[in-house]
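Here is a brisk tour of one protein model. Keep the sequence and the 3D view open while reading.

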Amino acid sequence: IKNLQVTRSFNSTLTCSATYGGISLYFASDVSIDNVLFFESYNGLMANKVNNLKVTNSIFDRGSSSGYYGVNICDDEYSNQDSLLFENNIVKKYIYGIHLSSLNQGIDIYNNYIHNNTQTGIYLNSVSYTSYQNNPLEIVGNRLVDNYYGFYKGDSSSSWGRNVLFKDNLVKSSSNYGVYCHYYCYDWIVENNTFDGDSDQSYGIYMRVGYRAKFGNNTFSDHTSYDIYLNTCGTGSNSNKFFYNTYSSIGITSSCRVDIYNNLNVKTVEQDSDPFSNVELEIKDSSKTYYETPHWGGSDSLTDSNGFISDSMLIRSGYYSSSSTLVSNNVTVNFAYGVRAKSTWILFDEDTTKSVTVPDAFRFGAVENTNTSVLYTSLSSAITAASTGNVLNVWSWTYNENIEITKGITLIGNST
């Protein structure tokens, strides 16, 4: 269906099936609609029991007439087939710009301009089913501007709305929420979007029960309530993850944890700041171990000739835990060289390289006077300081020195 103008179609019931529209499809697969102007039609495109529908380069304009749906698509006929490609279209001035319901998989909404719809730009009810998480709903490269809600997931089922990809979109100046997930937004990826509240939009994004969501490289500004509001977003393995987002206000409720990640590189240095190579490292926090060399039970590489670990890592730098207060994350660094080991910790809140200073004494052996608990780096210094009858524990090492024992002391190799 191509190169048409459809105008002033019959006003009909608001249900999806058996409903009139500028174009109405029923039990139709593999239909393409391209370069069609839907003008002053109460409903633009109405589709029921369809698969592999493609709608491209078309305009849905209510004009000055009354109208309800720009696009209403419901009930794919075959759950094992793709449902919809909706690309490079304009949808404006309806109550619902795009209304989707009971679509299982393969729903792609790309590069559309959806604006000035009085209820919702894009509305979902039972879309993107859990059995098809490798082929979910993708909303990419769209402009959602001056709608009441930009994007709204309206059902209350944990089986729907799974693994949604919301990427590279502009969400601007909605009268209420930019993106609103009424319930259950499991495993969403929200990436590279701009949420511009234009000082008249209450929330940038509001998610309720959004387990395991990932937010990356989003920019939020000028919302009257919160840039981001996460309600009961899960804890532990269900926590949300943030990577490089810009925002000024966030709301976090109980039973909600958000982990903030930044890139961290670690360098081991001597006390004079020169590189200290071949150091055994363990880098961890309370949630997981990020780096572990053989001494600590792992298989990662020792620090190289410049003192660096093998590569920088995304590590949790902070977190929100049932509170809107950001908590810095203590990262523990355990390091070992020769017969010595030590533990330290670091804090960071941006991509950075942190230096860990390895004491010069780590390059030497170790001799402990068990009577005084003093630790020495050479046999000669330990013997000189010892009193008659003292016991010296000697760690396995090559001690390049000449020694002379002229008092009654005991030397014991400690087998380590």
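**Disulfides**

The S-S bond of Cys181 and Cys185 has a torsion of about -115°, so this disulfide is left-handed. The model is a predicted one. In it, the sulfur atoms of Cys181 and Cys185 lie 2.0 Å apart. Both of these cysteines are buried.

How many disulfides does a search of the whole structure find? The count is 2. Cys233 and Cys256 form a disulfide as well, with an S to S distance of 1.9 Å. About its S-S bond the torsion is about 95°, so the disulfide of Cys233 and Cys256 is right-handed. This pair links distant parts of the chain, 23 residues apart. Cys233 sits in the loop between strand S23 (219-231) and strand S24 (240-243). Cys256 sits in the loop between strand S25 (250-252) and strand S26 (257-269). Cys233 is buried, at a relative accessible area of 1%. Cys256 is buried too, at 0%.

**Nonpolar cores**

Cys256 also appears among the contacts of Leu230. Beyond four places in sequence, Leu230 touches Met207, Phe215, Asn240, Phe242, Gly251, Ile252, Thr253, Cys256 and Val258. Leu230 belongs to the largest nonpolar core, which has 57 residues. Which members of this core touch the most other members? They are Leu25, Ile33, Leu45, Leu53, Leu100, Phe151 and Leu230. There is also a second, separate core of 21 residues. Val279, Tyr291, Ile309 and Ile315 are among its members.

**Salt bridges**

Side chains of opposite charge can pair when their charged atoms come close. This structure holds 11 salt bridges. Three of them are set out below, with the closest N and O atoms as the distance.

| Salt bridge | Closest N and O atoms |
|---|---|
| Arg8 and Glu40 | 3.2 Å |
| Asp155 and Lys153 | 2.8 Å |
| Arg162 and Asp187 | 3.6 Å |

Take the bridge between Arg8 and Glu40. Arg8 lies in the loop between strand S1 (2-7) and strand S2 (23-29), and Glu40 in the loop between strand S3 (32-39) and strand S4 (45-51), so the pair ties together parts that are 32 residues apart in sequence. Is Arg8 buried or exposed? Arg8 counts as exposed, because its relative accessibility is 63%. Glu40 is buried, with a relative accessible area of 11%.

Asp155 and Lys153 are both buried. Their salt bridge has its closest N and O atoms 2.8 Å apart.

Arg162 and Asp187 form another salt bridge. This pair links distant parts of the chain, 25 residues apart. Arg162 is in the loop between strand S16 (149-153) and strand S17 (165-167). Asp187 is in the loop between strand S19 (177-181) and strand S20 (189-191). Arg162 is buried, at 12% relative accessible area. Asp187 is buried at 18%.

Salt bridges also link Arg257, Asp259, Asp285 and Arg316 in a network.

**Strands and sheets**

Strands of a sheet pair through backbone hydrogen bonds, either parallel or antiparallel. One open sheet here has 4 strands, in the order S35-S34-S36-S37, with mixed pairing. Why is one side of S35 and of S37 left without a neighbour in the sheet? Strands S35 (374-376) and S37 (410-413) stand at the edges with a single partner strand each, so one side of each has no neighbour there. On average, neighbouring strands of this sheet are turned by 25° against each other, direction ignored.

S34 (residues 367-369) pairs with S35 in the antiparallel sense, over 3 bridges. Glu368 has Leu375 of S35 as its bridge partner.

S31 (residues 331-337) and S32 (residues 340-346) run antiparallel and are joined by 7 bridges. The bridge partner of Tyr337 is Arg340 in S32. This hairpin has 2 residues between its strands. One of its residues, Gly338, takes a positive phi near 60°.

**Backbone oddities**

Most residues other than glycine have a negative phi, and most peptide bonds are trans. Ser173 is not a glycine, yet has a positive phi of about 55°. Its place is the loop between strand S18 (170-172) and S19. Ser173 is buried, with a relative accessible area of 5%.

Ser322 also has a positive phi of about 55° without being a glycine. Where is Ser322 placed? Ser322 is in the loop between strand S29 (313-321) and strand S30 (327-328). At a relative accessible area of 36%, Ser322 is partly exposed.

Definitions and conventions
Residues numbered from 1 in each chain as written. Predicted model: local features only at pLDDT ≥ 70, side-chain atom pairs only at ≥ 80, totals over all residues. Heavy atoms only, no water. Core = buried A, V, L, I, M, F, W, Y, C linked by side-chain atoms within 4.5 Å. Buried < 20%, exposed > 50% of the residue type's maximum accessible area, 1.4 Å probe, protein only. Contact = heavy atoms within 4.5 Å. Pairing = 2+ DSSP bridges. Axes fitted to C-alpha atoms, helices over the stretch in contact; angles between N-to-C directions. Salt bridge = Lys/Arg side-chain N within 4 Å of Asp/Glu carboxyl O. Disulfide = S-S within 2.5 Å.
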